[in-house]
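Please find below a colleague's note, set out as numbered points, to be read alongside the sequence and the coordinates.

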Amino acid sequence: MTFIMKIDKWCKVAAGALLFAGGVALMTGCNSDDIDEGAMYTFTGNTVASFCEASPELSMYYTLLERSGNLPLLKVYGHYTCFAPTNEAVQAYLDSHGATMEDISQELMEKLVYNSLIRSESRAYLTDDFPDGALGQVSMADRTVNVSFTTTDGTREVWINSQSRIVLPNNEVHNGVVHVVDAVIEPTDKTLIEVMEEYPEFSLWAEAYRATGMYRNMADMYDESYVNPYEDGVLYYNYPDWQPFKAPDKLKLGYTIFAETNAVLNRVGITSLETMENYAKRYYGEADLGNYESEDNPLYKFIAYHMLDRRLETNEFLYTGTLTTTAWASENCEYYETFLPYHIMMIQAPDSKADTGNRINKRSDGSYVGYSSARGWYNIAARNGVIHALTDMLVYDENVMRNDVLHKRIRFDFFACAPQFVNNGMRWTLTDLGGKYGGYTVTPDFCGKYFSYNDAGTCLLWASEGWSAFQEDEINMKESFDFTVRLIPVPPGEYELRIGYRAEGWRGMSQLFVDGAIAGTPVDLRIGDKPNDPRVGWQKDSETNDDGVENDKLMRNHGYMKAPESIWCWQNNGTTLRDMYQALRIIVGRYDWRSGYGEHYLRVRSVDFQGREFSCDYIELIPVDLIKNEDRG
């Protein structure tokens with residue numbers, strides 16, 4: 001008898017047990033075929049632990065919770081999401097590992113338990129909260145939890161890591177929610193190359209990936225040299241009173257690979273390493289032919305341009321919160337540097353909500369490269385990365401990229417510069433001061449070359465939907481800071497550099513440097529924090545005779561710009577940042593980077609001796625030939 005056949009009986013037994021214990025059971029809709037209804041849940045006087053104890057089909061899981069020492073944790077207040085496997089699922093797990101309930105090792109038992117639990121500071125996940133992709137919180141085993149959906153006979157099914165189907169969702173308890181699953185969640189321990197080589201459809205790409213040797217440096221999950229220096233892993237800072245800012249316990253690594261299947265490669269005549277190299281010559285030159293491990297070899301460059309140094313599931317490429325307006329879909333994009341040094345790809349949202357799937361390197365004619373939307377062909381998980389199958393060929397065409405795709409205003413969040421913020425779950429993570437933590441912090445060298453600061457500085461990372469920040473988050477540098485951020489690399493050209501921020505009285509004065517050279521006089525981020533500041537010259541568009549056209553020119557003469565119209569804020573009853581006098585862009589200067597691809601750095605040093613801060617919100621780089629006709633987005 002399958003678990004589905006047992007489910008109605010089990011619901012009645014569990015409900016009876018809970019009522020007998022004095023709880024209030026509302027186990028409505030226990031038919032697992034109706035899991036798309038969303039209303040199928042249980043709210044009781046129970047905890048995660050007592051719910052599992054009272055459920056006969058979870059008895060083996062409960063025993064493992066008890067023997068692993070986790071019951072006390074699951075009996076107290078908290079926000080837990082539990083994917084509890086049935087007895088049949090636990091038995092199948094034991095059989096596959098040659099173990100029994102009597103002789104299961106501590107390591108195997110802890111893997112089962114910790115992979116089934118998510119502990120959050122603020123929320124538990126109901127199925128209505130599930131994205132098609134990664135949940136915002138990792139499991140207690142520090143592994144990504146992926147969600148996908150299928151439809152069988154008109155009924156939606158919810159899958160975890162493509163292996164465990166939720167058969168009884170949304171059992172709400174005092175300290176979280178329990179989702180019953182029909183298979184133990186067991187993330188793979190295989191590397192990206194090992195996972196890819198299991199797919200016959202990726203055999204050509206996997207062969208090339210191995211031939212380049214790049215896979216050797218993409219196996220680790222953590223940078224073992226990192227040590228959290230703070231007691232209890234927390235920095236306490238007086239902001240606005242003594243608030244705890246959490247430092248990462250580990251420095252996690254992550255990777256993303258976009259890969260063409262054999263079918264896509266075959267369409268352009270690629271059937272071997274030799275034909276792949278010959279194809280790549282069109283875009284990457286003819287240096288070191290046949291030497292696939294050479295960074296100058298065209299096949300090496302072809303593979304390198306498909307890989308990112310941050311793990312990104314399908315729902316993590318772009319910001320999806322409320323602080324970017326849907327009217328400016330063209331501005332909802334991100335820029336990611338690939339393993340081909342200084343060469344970026346642009347990932348952009350669909351033009352409308354009716355469309356699905358993000359666009360890679362979308363051209364002005366509307367064409368783009370997409371990735372598969374078929375379940376099992378995106379978010380293909382390895383232990384430290386993910387693979388997405390492409391539906392077309394992905395190349396860095398110099399002419400197309402420089403003169404079309406990337407010939408635009410490039411705006412990026414400070415958080416986007418360093419992969420460490422993404423891989424360690426600190427980007428787009430709400431950390432309002434009312435929660436347990438005021439936000440995050442990192443050590444001066446946590447992000448390596450991408451973002452670093454001096455020992456006299458303090459780095460505070462936080463995010464809020466209620467603040468007028470681009471994409472919710474903001475880096476605040478405090479005390480006697482001197483920090484450097486590596487800008488997202490752009491194609492050779494002449495650019496204007498700007499910094500977006502919100503003027504406030506608690507900000508301070510800083511000297512800017514670009515590529516080591518001093519950039520003008522010190523900037524004061526307090527300027528503009530009061531209305532009608534003549535040093536800025538800001539006027540509301542609706543209060544001018546020409547919708548702000550001349551005011552824009554006046555502000556540029558003062559070295560300022562209004563904030564973008566494409567960013568929405570919930571402050572002031574909801575408005576765009578362009579309508580907020582404190583939301584500004586400061587023009588740093590123009591820079592001639594036509595000599596070639598390379599690194600560019602922004603350094604900011606405090607010249608304010610009262611411990612005031614510098615706000616790191618977003619950066620813009622725009623080709624100077626586009627400034628005259630620039631839109632307000």
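1. In this predicted model, Arg507 has a relative accessibility of 1% and therefore counts as buried. Its salt-bridge partner is Glu474, with the closest N and O atoms 3.4 Å apart. Because Arg507 sits in the loop between strand S24 (493–502) and strand S25 (509–514), while Glu474 belongs to strand S22 (residues 473–479), the pair ties together parts that are 33 residues apart in sequence. Glu474, with a relative accessible area of 3%, is likewise on the buried side of the 20% limit.

2. A salt bridge in another setting is the one that Arg216 forms with Glu293, where the closest N and O atoms are 3.1 Å apart. Arg216 lies in the loop between helix H8 (203–212) and strand S9 (234–238), and Glu293 in the loop between helix H10 (273–284) and helix H11 (298–304), so that parts 77 residues apart in sequence are tied together by the pair. Arg216 is partly exposed, at 47% relative accessibility, and Glu293, at 42%, is partly exposed as well.

3. For Arg535 and Asp533, which also form a salt bridge, the closest N and O atoms are 2.9 Å apart. Here the partners fall into separate accessibility classes, since Arg535 has a relative accessible area of 46% and is partly exposed, whereas Asp533, at 10% relative accessibility, counts as buried. Elsewhere, salt bridges that share partners join Glu331, Arg409, Arg411, Glu496, Arg498, Arg556, Arg585, Arg590, Glu620, Glu630 and Asp631 into one network. The count of salt bridges in the model comes to 46.

4. Where does Thr441 lie, and what does its side chain reach? The residue is placed in the loop between strand S19 (439–440) and strand S20 (451–453), and with a relative accessibility of 0% it counts as buried. The side chain of Thr441 comes to 2.6 Å from the backbone oxygen of Cys459. Once its neighbours within four places in sequence are left aside, Thr441 is in contact with Tyr230, Leu235, Phe245, Lys246, Ala247, Pro248, Cys459 and Leu461.

5. Turning to enclosed space, the model holds six cavities of 30 Å³ or more, and the largest cavity contains about 70 Å³. Its lining is made up of Arg310, Tyr335, Tyr336, Glu337, Ala416, Cys417, Tyr450, Arg486, Leu487, Ile488 and Pro489. Strand S13 (residues 333–337) supplies the largest share of that lining, namely three residues. Sorted by class, the lining of the largest cavity has eight nonpolar and three charged residues, with no polar residues.

6. The second largest pocket holds about 870 Å³ of space. Among the 28 residues that line this pocket, Thr320, Asn332, Ala349, Pro350 and Asn358 are the closest to its centre. The class make-up of the lining is 14 polar, nine nonpolar and five charged residues. Set beside this, the lining of the largest cavity has no polar residues.

Technical notes:
Residues numbered from 1 in each chain as written. Predicted model: local features only at pLDDT ≥ 70, side-chain atom pairs only at ≥ 80, totals over all residues. Heavy atoms only, no water. 1 Å grid on protein atoms, 1.4 Å probe; cavity = no way out; pocket = protein on both sides within 12 Å on 5 of 7 lines; lining within 4 Å. Points joined across faces, edges and corners; volume = space filled by probe spheres on them. Nonpolar A, V, L, I, M, F, W, Y, C, P; charged D, E, K, R; others polar. Helix = DSSP H or I, 4+ residues; strand = E, 2+ residues; numbered from the N terminus. Buried < 20%, exposed > 50% of the residue type's maximum accessible area, 1.4 Å probe, protein only. Polar contact = N/O pair within 3.5 Å; in protein donor to acceptor, adjacent residues only side chain to side chain. Contact = heavy atoms within 4.5 Å. Salt bridge = Lys/Arg side-chain N within 4 Å of Asp/Glu carboxyl O.
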